[in-house]
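Reader: Could you take me through one part of this model up close? I'd like to start with the open sheet and then see what else sits around the chain.

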Amino acid sequence: MRTLSALLLALVSATTWAAPVQVEGVRVWPAPDNTRIVIDLSAPVEYQLNRTGDQLQIDLAHATLKRALPPIDAMRGLLAGLQVHTVEKGVRFALALTPGADAKSFVLKPYQQYGHRLVVDLSPLKPAVPTHLPAQAAVIGQESRAVVPPASREIVIAIDAGHGGEDPGARGRNGTLEKDVVLATARRLEALVRAEKGMRPVMIRDGDYYLSLRQRIQKARQHKADLFISIHADAFLHPNAKGSSVYTLSERGASSEAARWLAESENAADLVGGVSLEDKDELLASVLLDLSQTATSGASQVIAAEVLSSLNAVGNVHKPQVQQAGFVVLKSPDIPSILVETAFISNPKEEQRLRDPRFQQSLAEAIMRGARSYFARHAPPGSVLALREHVVNRGETLAGIARQYQTTPDQLRVVNRLSGDLLKVGEVLRIPVDEEDAPEVGTQTSLPKSADKAA
């Protein structure tokens with residue numbers, strides 16, 4: 001009996017005097033459209049959120065501060081201020097939010113270099129959408145859909161630097177983080193696209209912050225992107241793995257995404273290739289989605305092959321064929337999408353190259369060449385490149401113009417009925433829109449290096 005009492009006393013004491021959860025640090029990740037606050041913890045924690053107006057209070061039960069927290073630069077994004085206090089039974093975080101900010105919270109288990117975490121995501125409140133519009137508003141909406149878009153728009157290239165914020169991606173042996181080198185390469189690609197006539201870049205992530213995979217797709221669709229390029233750095237257990245890879249969406253990934261789009265009510269009113277699925281029956285919606293995905297998949301394969309061929313000229317490719325996988329960022333049904341694994345960050349030599357600005361530039365130029373080559377032959381209707389006319393500037397040559405548009409001087413001569421190479425400043429040249437417009441001139445096109453290897 002005495003032994004049992006002592007055992008019970010020991011259990012009660014252990015429970016009563018269990019070490020409290022320690023707050024090890026706080027990190028703030030501001031993004032253009034949201035702000036994430038991450039509280040690093042030594043163990044799982046019980047917490048409670050209370051909001052009054054634009055003030056959010058987070059109480060952590062049975063928690064202590066491991067150390068005095070350094071000053072937090074909280075005046076960023078949707079967070080206007082942040083204070084930390086020790087209270088009677090825990091730790092309290094007082095957050096001042098910008099007007100109209102929404103807050104959601106969740107906990108994360110340990111993963112890689114991170115321990116337990118409490119995450120608070122701030123995002124702008126979405127304006128309420130009226131369920132019944134007045135008749136006049138409905139008429140205006142119909143008129144706005146009938147407006148003809150401009151005849152010469154720019155092609156939009158969405159550039160997605162993988163990972164970011166608290167998600168560093170792969171880590172090289174010398175401490176290089178994937179999120180840093182892919183962002184540097186993405187910014188170089190952005191500069192090249194901006195300098196390209198008829199193209200406009202959209203950076204999906206333009207800083208060190210976290211974006212979910214679905215948010216990346218959504219942002220590309222909001223900007224009506226014509227191409228989505230996701231940039232990553234590969235990693236493998238074997239340090240000798242090397243080379244670039246290019247991925248498109250697998251058939252299985254496309255099928256699962258189609259089911260998701262058709263099943264979720266939030267997608268019922270979305271657009272697939274410019275067609276609303278909201279008022280279609282299930283069979284017709286499925287057919288329309290399948291047609292859109294088939295066209296998108298075919299375009300993605302062609303673009304991926306062009307980019308892989310260009311990367312082959314820069315250095316080694318890991319495999320000579322375009323690869324397929326179910327990556328979420330490739331699942332937009334109406335935007336051709338590719339994922340580029342630039343090199344193996346787990347290979348010390350390639351890790352060093354990924355840090356080199358010259359190698360980053362060569363990667364960006366290779367991706368740009370692939371995109372340029374595709375759109376030179378498959379420009380979207382209504383885009384600047386689809387007009388396929390070039391006004392001759394001073395100093396330009398027929399050979400230089402042919403290289404710019406991925407064609408040949410012979411084809412330009414035939415299309416424009418030129419007898420020689422002499423050009424006049426201000427002269428307007430017609431450029432072949434695609435392979436069908438390019439006349440047969442008796443020339444033979446050599447295969448790209450990747451095709452040679454595959455053969």
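Author: Here's a walk through the sheet, followed by the cores, a helix and some aromatic rings.

A quick word on the ground rules: this is a predicted model, so local features need pLDDT of at least 70 and side-chain atom pairs count only at pLDDT 80 or more, while totals for chains, interfaces and linings use all residues. Residues are numbered from 1 along each chain as its sequence is written, and side-chain values use heavy atoms, with hydrogens and water left out.

The protein has twelve helices and 19 strands, taken as DSSP runs numbered from the N terminus (helices are H or I, at least four residues; strands are E, at least two). Of its 455 residues, 41% are buried; buried means under 20% relative accessible area, exposed over 50%, and partly exposed in between, with a 1.4 Å probe and protein chains only. Among contacts between residues at least 6 apart in sequence, 68% join residues at least 24 apart, where contact means heavy atoms within 4.5 Å.

Now for the sheet. Four strands make an open sheet in the order 3-4-7-6, with antiparallel pairing; two strands pair if DSSP finds at least two bridges between them. Strand 3 (47–52) and strand 6 (79–87) are at the edges with a single partner strand each, so one side of each has no neighbour in the sheet. From one strand to the next, the twist averages 15 degrees, using axes that are lines fitted to C-alpha atoms (for helices, over the stretch in contact) and angles that run from 0 to 180 degrees between N-to-C directions.

Go along the pairings and you find six bridges between strand 3 and strand 4, which run antiparallel. Tyr 47 stands opposite Leu 60 in strand 4. The hairpin of these two strands, strand 3 and strand 4, has two residues between the strands, and Gly 53 there takes a positive phi near 60 degrees. On to the next pairing: strand 4 (residues 55–61) is joined by seven bridges to strand 7 (residues 90–97), again antiparallel, and Ile 58 stands opposite Phe 93 in strand 7.

Then comes His 62, in the loop between strand 4 and strand 5 (63–65). Its phi is near 55 degrees, a positive value in a residue other than glycine. With 55% relative accessibility, His 62 counts as exposed.

What about the cores? A nonpolar core here is a set of buried Ala, Val, Leu, Ile, Met, Phe, Trp, Tyr and Cys residues joined through side-chain atoms within 4.5 Å. The largest one has 41 residues, and Ile 157, Leu 189 and Ile 229 have the most contacts inside it. Several elements supply at least two residues each to this core, including strand 10 (155–161), helix 3 (178–195), strand 12 (227–234) and helix 6 (282–314). Helix 8 gives the most, with nine residues. Apart from this core lies another, of 23 residues, and Ile 58 from our sheet is among them, as are Ala 63, Leu 79 and Leu 118.

Back in the 41-residue core, Ile 229 is worth a look: leaving aside neighbours within four places in sequence, its contacts include Ile 157, Leu 189, Ile 338 and Ile 367.

Helix 11 (residues 409–416) is next, with Gln 411, Leu 412, Val 415 and Asn 416 buried. Seen down the axis of helix 11, these buried residues fall within an arc of 115 degrees, so they line one face of the helix; the arc is that of the directions from the helix axis to the C-beta atoms. They pack against helix 10 (398–404) and strand 19 (428–430). Just after helix 11, Arg 417 has a positive phi of about 55 degrees, and at 79% relative accessibility Arg 417 counts as exposed.

Last, the rings. The whole structure has two aromatic pairs; rings of Phe, Tyr and Trp (its six-membered ring) pair if their centres lie within 6.5 Å, with planes under 30 degrees apart counted as stacked, over 60 as edge-to-face and the rest as tilted. Tyr 247 and Phe 327 are edge-to-face, 5.2 Å centre to centre with 80 degrees between the planes. This pair links distant parts of the chain, 80 residues apart. Tyr 247 is buried at 17%, whereas Phe 327 is partly exposed at 29%. Tyr 374 and Phe 375 also form an edge-to-face pair, 5.1 Å centre to centre and 80 degrees between the planes. Here Tyr 374 is buried at 10% relative accessibility, and Phe 375 is buried at 2%.
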